[in-house]
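Please consider the salt bridges of this structure and the parts of the chain that they join. The explanation below follows them one pair at a time.

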Amino acid sequence: AVGGGPPVSFVSGTVEELVARLVHPDDVPEVRARLEALFRGAVDIHDFEHRVPGSGGSSIRVRGRVSRRAGDGRPLRFAAVLSDVTERRAMQAQLDLSQRMAALGALAAGVAHEINNPLSSVSANLEFLSRELATQPAIAQVVGEARDGAERVRDVVRGLRAFSSGRAGAAGPANVRAELEAAIRLARNEIRHRARLEVRIDELPLVAAGAHELGQVFLNLLLNAAQAIPEGRAQEHVITVEAGRAEDGGASIRIRDTGVGIPPQVLERIFEPFYTTKPLGVGMGLGLAIAHRIVTGAGGRIEVETQVGRGTLFHVLLPAAPSSAREPSRA
């Protein structure tokens, strides 16, 4: 019995049937290649670990050999010992993740130092421009958005450091509408080449979360929605943002796209740090992991609904801040 499944006394069938029954689809190509090498006599021992389909992530180690061959060398019998290695692999994965988080923490500290120095100069100059251009609203708005973007760069670095150390950010109260609208402004250029954007924002409560951390969550979800849609077909696709008060009084934010959707084998891992299906250099696999940490750290949750070829919905639910909390005044 593996992964809590019913014990079986034997399994039978062709090699393809047995592989399909015992090997997770993602591991089938390598398992098949190794078995073929064993059967043709290229190797003496088959020793490999792989996942089992439909077992909730269970893994087994199969160590065996061809114990009987025909006169022409064809394999007639394969004898092996199967061991459940699920717990050991989980511990190894946790150790690997801890080591990567430690490396990321050290890297983030250095990155923060290198970014903050030139960023201070950029922010100061933008502040000066915003004062000088106070009589030109259109340009002042652009400069204001640039200032906001510069501040968010600094907050992204802070978020990486907090993520690697496991500490939560400041607990608000935060204006969800302001952060959501800011994220939409920043993502609009990426979205407009891929989809039409529809936004419906109703009354929202203050929530007990870091303000710019929330903006980071919304921006990541919006960019992911855009990247799930190919460029050049903006009239065929739509990204919808709906926000309002949830039944329990908290904040409800839905970001839906009509993109490619998420396959089941990917869906179960989307919040894992460093897991990504994007090409090398496009994504690190940290965006959704950090978003999940921020939302759960605020006492909320992220729900996902998806259908391959039809699109994906991310639903962020956040509890309202205590009634005594007030949004901090801007200096």
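In this predicted model, R51 has a relative accessible area of 22% and is therefore partly exposed. The cut-off matters here, because buried means under 20% relative accessible area and exposed means over 50%. The side chain of R51 forms a salt bridge with that of D26, with an N to O distance of 3.9 Å. The two residues belong to distant parts of the chain: R51 is in strand β1 (residues 46–51), whereas D26 is in the loop between α1 (15–22) and α2 (28–39), and 25 residues separate them. D26 is likewise partly exposed, because its relative accessibility is 42%.

Side chains of opposite charge can pair when their charged atoms come close. In the whole structure, a search finds 21 salt bridges. Another of these pairs is R194 with E231, whose closest N and O atoms are 3.5 Å apart. R194 lies in the loop between α5 (176–192) and β5 (196–201), and E231 lies in the loop between α6 (211–227) and β7 (238–245), so the salt bridge ties together parts that are 37 residues apart in sequence. The partners are unlike in their accessibility: R194 counts as buried because its relative accessibility is 12%, whereas E231, at 56%, counts as exposed.

A further salt bridge joins the side chains of E213 and R293, at 3.6 Å from N to O. This pair, too, links distant parts of the chain, with E213 in helix α6 and R293 in helix α8 (residues 287–297), 80 residues apart. Both E213 and R293 are buried.

How do the two helices that carry this pair lie relative to each other? The axes of α6 and α8 come within 9 Å and cross at roughly 140°, which means that α6 is oblique to α8. The crossing of these helices is left-handed. From α6, the contact draws on E213, L214, Q216, V217, N220, L221 and N224; from α8, on G287, L288, I290, A291, R293, I294 and V295. By residue class, the contact of α6 with α8 comprises eight nonpolar, four polar and two charged residues. E213 and R293, the partners of the salt bridge, are thus among the residues of this contact.

Salt bridges also occur here in a larger grouping than a pair. R196, E198, R200 and E242 are linked in a network of salt bridges.

Methods
Residues are numbered from 1 along each chain as its sequence is written. This is a predicted model: local features need pLDDT of at least 70, side-chain atom pairs count only at pLDDT 80 or more; totals for chains, interfaces and linings use all residues. Side-chain values use heavy atoms; hydrogens and water are left out. A salt bridge is a side-chain nitrogen of Lys or Arg within 4 Å of a carboxyl oxygen of Asp or Glu. Helices (H or I, at least four residues) and strands (E, at least two) are DSSP runs, numbered from the N terminus. Buried means under 20% relative accessible area, exposed over 50%, partly exposed in between (1.4 Å probe, protein chains only). Axes are lines fitted to C-alpha atoms, for helices over the stretch in contact, and angles run from 0 to 180 degrees between N-to-C directions. Angles under 35 degrees count as roughly parallel, over 145 as roughly antiparallel, 65 to 115 as roughly perpendicular and the rest as oblique. A crossing is left-handed if the near helix is turned anticlockwise from the far one by less than a right angle, and right-handed if clockwise. Contact means heavy atoms within 4.5 Å. Ala, Val, Leu, Ile, Met, Phe, Trp, Tyr, Cys and Pro count as nonpolar, Asp, Glu, Lys and Arg as charged, and the others, Gly among them, as polar.
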